[in-house]
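Here is a short report on one protein model. It covers a surface patch, the nonpolar cores and a hairpin.

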Amino acid sequence: MSGHYLWSKTGGPEPDIEMMAFLAADDVRLDRQLLLYDIAASAAHAAGLARIGVLDAGEAAAVKQALDELAAACRAGRFTCSAPHEDGHSALEQALVEKLGALGRKIHTGRSRNDQVLATIRLYLKDRLADLAAACLAVAEAALERAAADPDLPLPGYTHLQRAVPSSLGLWWASYAEAFIDDGELAHLVRAHLDRSPLGSAAGYGVNLPLDRDGVAAELGFAGVIHNPLYAQTGRGKFELLAVQTLGQATLDLRRLAWDLSLYTTAEFGFAALPPEWTTGSSLMPNKANPDIVEMLRACHPTVQAAAGEIENLLALPGGYHRDLQSTKAPLLRAFGRGLAALALSARLVTVVRFDRAAMQAAVTPEMLATDRAIDQARTGTPFRDAYRATAGRLPATAAGADVAASLAARVSPGACGALDLDGLRHRAAGLRRRLPSRGSSSAGAPPAP
């Protein structure tokens with residue numbers, strides 16, 4: 001078994017099996033999600049080696065063909081990494097050696113597994129952040145449609161979970177539309193921020209070859225390179241953390257949306273209901289129709305937040321590479337796997353939840369118009385604090401003849417119930433959609449399912 005690992009030395013002893021199993025952890029399973037990105041980065045690296053004369057034209061063509069075949073086999077499920085491999089990089093190099101013999105052992109010239117995994121993760125994050133922006137946009141557009149369908153339907157506005165002032169379903173939906181547009185724009189900005197290639201940084205100190213780093217970056221679709229090789233290495237984890245925190249902004253909004261729906265679908269509120277096919281039952285109580293989907297969407301943010309905390313706590317390291325950084329991979333993949341699935345489902349949920357017009361209207365009681373009455377007095381010259389006290393002192397009389405529809409229509413401060421400006425939000429959503437990359441723009445193509 002001599003030479004089983006990429007770093008094995010001729011004639012040297014094989015490492016302890018239990019130690020290696022602990023070190024590899026879940027890398028073999030996790031790297032199945034990253035193999036296509038690793039193949040794409042390897043193809044670009046090989047092309048770069050050809051441009052500086054390390055591979056001749058025939059060798060470069062043979063490597064490209066072999067990598068293309070491996071990518072096709074990976075998409076079809078015929079090539080993956082499994083228990084005998086230390087990680088996906090080992091599986092890929094072994095497959096190349098089996099196909100190409102000695103030529104397969106040339107692919108690693110000028111490259112370390114350090115910059116290999118960095119490039120793989122960067123390509124993965126570019127795709128996942130594009131997915132995040134698109135998922136946020138889908139939720140926002142669905143919410144905008146709901147806002148346009150019922151812009152004036154009264155809904156109590158709450159502070160401290162107590163009824164406060166009249167509001168509308170249109171305002172409620174528009175608030176979430178704007179939140180998810182913000183989240184999508186942030187994902188787009190962060191994607192651009194990390195759109196730089198680490199390939200060619202090797203183990204963090206460069207190599208004695210004139211590597212075509214810019215050309216390799218361009219071939220992979222990166223906007224540029226991380227110039228300093230040591231920073232390319234010490235930045236590992238930092239950018240993963242930023243990406244997960246960006247995802248967390250969306251799941252934070254999702255948690256609040258789920259909380260609202262959790263309250264509104266209770267019998268105590270009675271404002272909303274899920275279709276039967278979107279509920280689950282009780283194993284004991286025949287009468288139950290449980291909103292489990294809402295509750296599990298609400299539980300998604302802690303998963304993302306925990307991943308961010310796990311990554312951040314791993315980064316208490318000095319300069320240079322440390323094996324600890326391998327442990328950033330699992331929380332990263334876990335966060336995006338769960339978070340993106342939740343957001344995709346949320347866009348559908350927004351379209352199917354039903355609202356009870358009569359229950360919502362009945363909950364907007366006349367005393368909730370007291371603020372309007374105080375402002376009406378202030379409009380005619382009464383100091384607002386005097387109007388506030390006078391209104392508070394005669395609430396029953398203030399409530400007489402309350403017209404909720406008129407109150408909502410009069411709320412004309414920009415963005416309020418009488419001035420929702422859904423067109424402005426649609427304009428922002430359309431701008432984000434134009435900036436999203438096409439789904440076929442990834443160098444790796446669609447990654448295999450985990």
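## A nonpolar patch on the surface

Ile375, Phe384 and Tyr388 make up a nonpolar patch on the surface. Together they offer about 290 Å² of accessible area. The model is a predicted one.

Tyr388 belongs to helix α16, which spans residues 384-393. Its relative accessible area is 46%. Tyr388 therefore counts as partly exposed, because that value falls between the 20% limit for buried and the 50% limit for exposed.

## The nonpolar cores

The largest nonpolar core holds 86 residues. Which of them touch the most other members? They are Trp172, Phe336 and Phe355. Helix α6, residues 113-149, supplies the largest share of this core, with 18 residues.

A second core is separate and has 23 residues. Leu35, Ala46, Leu55 and Ala71 are among them.

Take Phe355 from the largest core. What does this residue touch, leaving aside residues up to four places away in sequence? The contacts include the aromatic residues Trp172, Trp173, Tyr264 and Phe271. Leu169, Leu261, Ala272 and Met360 also touch Phe355. Arg146 completes the list.

## The β1-β2 hairpin

Strand β1 covers residues 154-159, and strand β2 covers residues 162-168. The two pair in the antiparallel sense over 6 bridges. Thr159 has Gln162 of β2 as its bridge partner. Tyr158 stands opposite Arg163, also in β2. In a regular strand, side chains alternate between the two faces of the sheet.

## The turn between the strands

The hairpin has 2 residues between its strands. His160 sits in the loop between β1 and β2, and Leu161 has its place in that loop too. What is the sign of phi at His160? Phi of His160 is positive, near 60°. Leu161 also has a positive phi, near 60°. Neither residue is glycine. Most residues other than glycine have a negative phi.

Are these loop residues buried or exposed? His160 has a relative accessibility of 76%, so it counts as exposed, the cut-off being over 50%. Leu161 has a relative accessible area of 57%, so it is exposed by that cut-off as well.

Terms used. Residues numbered from 1 in each chain as written. Predicted model: local features only at pLDDT ≥ 70, side-chain atom pairs only at ≥ 80, totals over all residues. Heavy atoms only, no water. Core = buried A, V, L, I, M, F, W, Y, C linked by side-chain atoms within 4.5 Å. Buried < 20%, exposed > 50% of the residue type's maximum accessible area, 1.4 Å probe, protein only. Helix = DSSP H or I, 4+ residues; strand = E, 2+ residues; numbered from the N terminus. Contact = heavy atoms within 4.5 Å. Patch = residues over 30% accessible without salt bridge, like charges linked within 9 Å, V, L, I, M, F, W, Y side chains within 5 Å. Areas by Shrake-Rupley, 256 points an atom, 1.4 Å probe, with all protein chains shown as cover. Salt bridge = Lys/Arg side-chain N within 4 Å of Asp/Glu carboxyl O. Pairing = 2+ DSSP bridges.
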